[in-house]
Amino acid sequence: MHRATKNEMTFDQADRIESKKHKNLVEFFSACQERLFYYGKEDEAFYFEMLAEYVSEGGELDPKNAARALGL
């Protein structure tokens, strides 16, 4: 049996889309970290590394959690 949302998207499809968005966000933060480190911006790279780790562990990007996301 298929459960569908209002626009006829199944919950499985919606979950896959959210999972892909999550993966892309982690990959984006990791790519930023790598490029900053390459150009000698170690401090800045550290914060992108923290963001990638925070998001990959299930952390939500919410302004109230900014300090936690940055490891402060």
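Accessible areas here come from the Shrake-Rupley method with a 1.4 Å probe, and for residues only the protein chains shown count as cover. This is a predicted model, where local features need pLDDT of at least 70, side-chain atom pairs count only at pLDDT 80 or more, and totals for chains, interfaces and linings use all residues. Residues are numbered from 1 along each chain as its sequence is written, and side-chain values use heavy atoms, with hydrogens and water left out.

**View 1. The surface of the chain.** About 6,000 Å² of the chain is accessible, and carbon and sulfur atoms hold 54% of that. Of the 72 residues, 17% are buried (under 20% relative accessible area; exposed is over 50%, partly exposed in between; 1.4 Å probe, protein chains only).

**View 2. The helices.** You'll find 3 helices and 0 strands here, in the order α-α-α along the sequence. Helices (H or I, at least four residues) and strands (E, at least two) are DSSP runs, numbered from the N terminus.

**View 3. The largest nonpolar core.** Seven residues build it: Val 26, Phe 29, Leu 51, Ala 52, Tyr 54, Val 55 and Ala 69. Helix 1 (11-38) and helix 2 (42-56) each chip in at least two of them, with helix 2 giving the largest share, 4 residues. A nonpolar core means buried Ala, Val, Leu, Ile, Met, Phe, Trp, Tyr and Cys residues joined through side-chain atoms within 4.5 Å.

**View 4. Around Val 26.** Neighbours within four places in sequence aside, Val 26 is in contact with Ala 52, Val 55 and Ser 56 (contact: heavy atoms within 4.5 Å).
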